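Biologist: I'm new to this one and would like a close look at a single part, with enough of the surroundings to find my way. Could you take me through it slowly?

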Amino acid sequence: MDDDLDRVLTAVGPRLRALRRARGVTLAELAEATGISESTLSRLESGRRRPNLELLLPLARAHGVPLDELVGAPATGDPRIHIRPVRRHGMTFMALSRRPGGTQAFKVIIPGALHDAVPEPKTHDGHEWLYVLNGRLRLVLGEQDIVLKSGEAAEFDTRVPHWLGTADPAPVEVLILFGPQGERAHVKART
């Protein structure tokens with residue numbers, strides 16, 4: 001049993017380094033995001049420090065991966081994704097993808113109670129593609145105020161001021177793909 005534990009713990013350091021480098025994050029940036037010193041992070045990655053939950057939990061959060069992925073836990077054979085909904089600004093967000101960096105997928109539910117919300121457009125780096133699953137979505141994009149119905153999609157550069165809300169008192173469900181700046185969703189239709 002001790003040999004198995006040692007093997008797992010020894011593999012954590014290289015896994016942490018590979019994950020950080022794949023995301024293009026420096027030790028200083030990761031230290032700031034986690035509250036773990038750069039020297040401790042460096043020792044973890046090199047294997048000179050044994051990982052523990054106190055260190056691994058903030059790292060898993062910062063990298064956006066489950067803890068079992070950091071330690072290389074064996075697959076359970078269960079293909080289901082166990083989604084943990086997060087509520088922000090009165091909306092419910094469900095992450096459908098788990099890999100850090102690259103395109104991220106979310107299902108967003110905007111309750112009808114937010115129907116009267118005053119749009120407050122925001123900007124950030126990235127590119128967004130959205131598809132209305134159910135309901136009517138109000139999209140304020142720059143100077144445009146657009147209503148998208150179930151089955152309609154939109155794609156835009158998120159440096160353009162934008163805001164999402166409901167177009168009427170009913171809730172709206174939206175599938176959103178968000179990618180880093182310059183990364184776009186490519187959809188090919190059959191002819």
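**The strands and what surrounds them**

Modeller: Happy to. Read along the sequence, the protein chain goes α-α-α-α-α-β-β-β-β-β-β-β-β-β, which comes to 5 helices and 9 strands. Keep in mind throughout that this is a predicted model. I'll make the strands our part and start with the sheet of 6 strands.

That sheet is open, its strands run in the order 1-2-3-9-4-7, and the pairing is antiparallel. At the edges you'll find strand 1 (86-88) and strand 7 (153-157), each of which pairs on one side only. Going from one strand to the next, the twist averages 25 degrees. As for what holds strands side by side, in general the strands of a sheet pair through backbone hydrogen bonds, either parallel or antiparallel.

Now zoom in on one pair. Strand 4 takes in residues 127-134 and strand 9 residues 172-179, and the two pair in the antiparallel sense over 7 bridges. If you want a spot to click on, try Asn134: its bridge partner in strand 9 is Glu173.

Let's move to the strand 1 and strand 2 end of the order. The loop between these two strands holds His89. Its phi is positive, about 55 degrees, although His89 is not a glycine. How open is His89 to the outside? Its relative accessibility is 69%, so His89 counts as exposed.

A little further on is Thr92, which is found in strand 2 (residues 91-95). Is Thr92 buried or exposed? The cut-off for buried is under 20% relative accessible area, and Thr92 has 15%, so it counts as buried. The side chain of Thr92 makes a polar contact with the side chain of Arg87, at 3.2 Å. Set aside the neighbours within four places in sequence, and the residues in contact with Thr92 are Pro85, Val86, Arg87, Lys107, Val108 and Ile109. Arg87 therefore turns up twice around Thr92, in the polar contact and in that list of contacts.

There's another open sheet to look at, made of 3 strands in the order 6-5-8, again with antiparallel pairing. Its edge strands are strand 6 (144-149) and strand 8, and each pairs on one side only. On average, neighbouring strands here are turned by 20 degrees against each other, direction ignored.

Strand 8 deserves a longer stop. Being an edge strand might make you wonder: is strand 8 (residues 162-166) buried or exposed? Of its 5 residues, 5 are buried, so strand 8 is largely enclosed by the rest of the structure. Look at its two faces: His162, Leu164 and Thr166 are buried on one side, and Trp163 and Gly165 are buried on the other. Its pairing is with strand 5 (residues 136-141), in the antiparallel sense over 5 bridges. Within that pairing, Leu139 stands opposite Leu164 of strand 8.

For contrast, have a look at two helices. In helix 2 (residues 27-34), the buried residues include Leu30, Ala31 and Thr34. Seen down the axis of helix 2, its buried residues fall within an arc of 105 degrees, so they line one face of the helix. Over on the other side of helix 2, Glu32 and Ala33 are exposed. The general background is that an α-helix has 3.6 residues a turn, so residues three or four places apart point the same way. Right after helix 2 comes Gly35, with a positive phi near 80 degrees.

Helix 3 (residues 38-46) has Thr40, Leu41, Leu44 and Glu45 as its buried residues. Down the axis of helix 3 these buried residues fall within an arc of 135 degrees, so they too line one face of the helix. Just after helix 3 sits Gly47, which takes a positive phi of about 90 degrees.

Finally, step back to the protein chain as a whole. Of its 191 residues, 31% are buried. The accessible surface comes to about 12100 Å², and 53% of that belongs to carbon and sulfur atoms. Among contacts between residues at least 6 apart in sequence, 61% join residues at least 24 apart.

Note on methods:
Residues are numbered from 1 along each chain as its sequence is written. This is a predicted model: local features need pLDDT of at least 70, side-chain atom pairs count only at pLDDT 80 or more; totals for chains, interfaces and linings use all residues. Side-chain values use heavy atoms; hydrogens and water are left out. Two strands pair if DSSP finds at least two bridges between them. Helices (H or I, at least four residues) and strands (E, at least two) are DSSP runs, numbered from the N terminus. Axes are lines fitted to C-alpha atoms, for helices over the stretch in contact, and angles run from 0 to 180 degrees between N-to-C directions. Buried means under 20% relative accessible area, exposed over 50%, partly exposed in between (1.4 Å probe, protein chains only). The arc is that of the directions from the helix axis to the C-beta atoms. Contact means heavy atoms within 4.5 Å. Accessible areas come from the Shrake-Rupley method with a 1.4 Å probe; for residues, only the protein chains shown count as cover. A polar contact is a pair of N or O atoms within 3.5 Å; within protein, one must be able to donate a hydrogen and the other to accept it, and residues adjacent in sequence count only if both atoms are side-chain atoms.
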